[in-house]
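Visitor: Hi, I'm new to this one. Can you walk me through it?
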Amino acid sequence: IYLFTDKTFAPTPGEGVAVWKAVVAEIICTFALASVVLSVATAKKLEGNYIYGLAIGLTVTASAYSVGSISGGAFNPAVAAGPMLMDTIKGGALIGNLWIYIVGCLAGGALAAYTFKFFNQE
């Protein structure tokens, strides 16, 4: 879509939002999302659970509404990288914000993995 329009769909921190707040928002929401995915889709005691998609979808929705205006709401580096790459191809400069989503998402995901492993030592 971006090739045919001048509108960008890349996540960007909100106007006037400090960069550290965007990074913290990404860490918290990526932690929440990764924790939900690990808990409902991989835990053996929840095997056969048919509502994991609903839990994951609601977590993404709640996170997007909560911090979308703060960080842009990527919660995954690939979600940020694709649109930012298209913006760069079109001559934009949003790729400079990519580090926010790489650092925030990797930190949140690692924290979720450690927490899951700590509480689920099966």
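Guide: Here is a short tour of a helix, the cysteines and a ring pair. This is a predicted model, where local features need pLDDT of at least 70, side-chain atom pairs count only at pLDDT 80 or more, and totals for chains, interfaces and linings use all residues. Residues are numbered from 1 along each chain as its sequence is written, and side-chain values use heavy atoms, leaving out hydrogens and water.

Visitor: Okay, where does helix H2 bend?
Guide: At Tyr-65, by about 45 degrees; H2 covers residues 52-71. The bend is the angle between axes fitted to the seven residues ending there and the seven starting there. Helices are DSSP runs (H or I, at least four residues), numbered from the N terminus.

Visitor: And which residues of H2 are buried?
Guide: Thr-59, Ser-63, Val-67 and Ser-71. Buried means under 20% relative accessible area, exposed over 50%, partly exposed in between (1.4 Å probe, protein chains only). Residues three or four places apart in an α-helix point the same way, because a turn takes 3.6 residues.

Visitor: What comes just after H2?
Guide: Gly-72, with a positive phi of about 100 degrees.

Visitor: New topic: how many disulfides are there?
Guide: The search finds 0 in the whole structure, counting cysteine sulfur atoms within 2.5 Å as a disulfide. The closest cysteine sulfur to that of Cys-29 is in Cys-105, 9.8 Å away, so it is too far for a bond.

Visitor: Is Cys-105 buried or exposed?
Guide: Buried, at 4% relative accessibility. Cys-29 is buried too, at 7%.

Definitions and conventions:
Helices (H or I, at least four residues) and strands (E, at least two) are DSSP runs, numbered from the N terminus.
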